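Work through the following exercises with the sequence and the model at hand. Each task is followed by a solution in steps.

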Amino acid sequence: MGATGAVGSTYNYLGKKTNQMLEAFERKDFSSALNYQFCIQRFINFVVKLGFGVSQTKAIMTLVSGIPMGPPRLPLQKASREFTDHAEAKLKSLDFLSFTDLKDGNLEACS
């Protein structure tokens, strides 16, 4: 459609996969681009079903970046442990937590 940019809260934690999707599209590797898009959408659909808002976004950004984002402002409450545990398991299953592999010295997770 000719767009050259986008704004989205999920890019805070899905930026790497989104960039990989866009790069594959630019290379005309549409199969890979579609696979990245479906992978991203699987995670978004998953967290939306769990309940998704500012608190949950901060929890996911903490999981993906390894940087504590802190609690949301009142009156919002911190994301539940149940949400965080489920989101972390899903992120791992989709290979979205590559920063943890870097801490262990595994550079293969970045490719």
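Two residues are in contact when heavy atoms of theirs lie within 4.5 Å. Helices (H or I, at least four residues) and strands (E, at least two) are DSSP runs, numbered from the N terminus. The model is predicted, so local features need pLDDT of at least 70 and side-chain atom pairs count only at pLDDT 80 or more, while totals for chains, interfaces and linings use all residues. Residues are numbered from 1 along each chain as its sequence is written, and side-chain values use heavy atoms, with hydrogens and water left out.

**Exercise 1. Describe the chain as a whole.**

Step 1. The chain contains five helices and zero strands, in the order α-α-α-α-α from the N terminus.

Step 2. Buried means under 20% relative accessible area, exposed over 50%, and partly exposed in between (1.4 Å probe, protein chains only). By this count, 32% of the 111 residues of the chain are buried.

Step 3. Accessible areas come from the Shrake-Rupley method with a 1.4 Å probe; for residues, only the protein chains shown count as cover. The chain has an accessible surface of about 7700 Å², and carbon and sulfur atoms account for 56% of that surface.

Step 4. Take the contacts between residues at least 6 apart in sequence: 59% of them join residues at least 24 apart.

**Exercise 2. Analyse the packing of α1 against α2, and place threonine 18 in it.**

Step 1. Axes are lines fitted to C-alpha atoms, for helices over the stretch in contact, and angles run from 0 to 180 degrees between N-to-C directions. The axes of α1 and α2 are 7 Å apart, at an angle of about 155°. That angle makes α1 roughly antiparallel to α2, because angles over 145 degrees count as roughly antiparallel, under 35 as roughly parallel, 65 to 115 as roughly perpendicular and the rest as oblique.

Step 2. A crossing is left-handed if the near helix is turned anticlockwise from the far one by less than a right angle, and right-handed if clockwise. α1 and α2 cross in the left-handed sense.

Step 3. On the α1 side, the residues that meet α2 include Tyr13, Leu14, Thr18 and Phe25; on the α2 side, those that meet α1 include Phe30, Tyr36, Ile40 and Phe43.

Step 4. Threonine 18 belongs to α1, residues 11–26. Its relative accessibility is 9%, so threonine 18 counts as buried. Beyond its neighbours within four places in sequence, threonine 18 contacts Tyr11 and Ile40.

**Exercise 3. Compare the two helix pairs that involve α4.**

Step 1. For α2 and α4, the axes come within 11 Å and cross at roughly 165°. This makes α2 roughly antiparallel to α4, and the crossing is right-handed.

Step 2. For α3 and α4, the axes come within 10 Å and cross at roughly 45°. This makes α3 oblique to α4; here too the crossing is right-handed.

Step 3. Arg42, Phe43, Phe46, Val47 and Leu50 of α2 meet α4 residues, among them Phe83 and His86. From α3, Gln56, Ala59, Ile60, Leu63 and Val64 meet α4 residues that include Phe83 and Thr84.

Step 4. Phenylalanine 46 in α2 has a relative accessible area of 23% and is therefore partly exposed. Leaving out residues up to four places away in sequence, phenylalanine 46 touches His86, Ala87 and Lys90.

**Exercise 4. Which residues have the most contacts inside the largest nonpolar core?**

Step 1. A nonpolar core is a set of buried Ala, Val, Leu, Ile, Met, Phe, Trp, Tyr and Cys residues joined through side-chain atoms within 4.5 Å.

Step 2. The largest such core has 19 residues, and Tyr13, Leu14, Phe43, Ile60, Phe83, Leu91 and Phe96 have the most contacts inside it. At least two residues of this core come from each of α1, α2 (30–50), α3 (54–65) and α4 (81–93).

Step 3. Apart from residues up to four places away in sequence, phenylalanine 83 touches Val47, Leu50, Gly51, Phe52, Gln56, Ala59 and Ile60.

**Exercise 5. Locate two backbone features in the loops.**

Step 1. Most residues other than glycine have a negative phi, and most peptide bonds are trans.

Step 2. Lysine 28, in the loop between α1 and α2, has a positive phi near 65°. With a relative accessible area of 63%, lysine 28 is exposed.

Step 3. Leucine 74 and proline 75 are joined by a cis peptide bond with omega about 15°. Proline 75 sits in the loop between α3 and α4.
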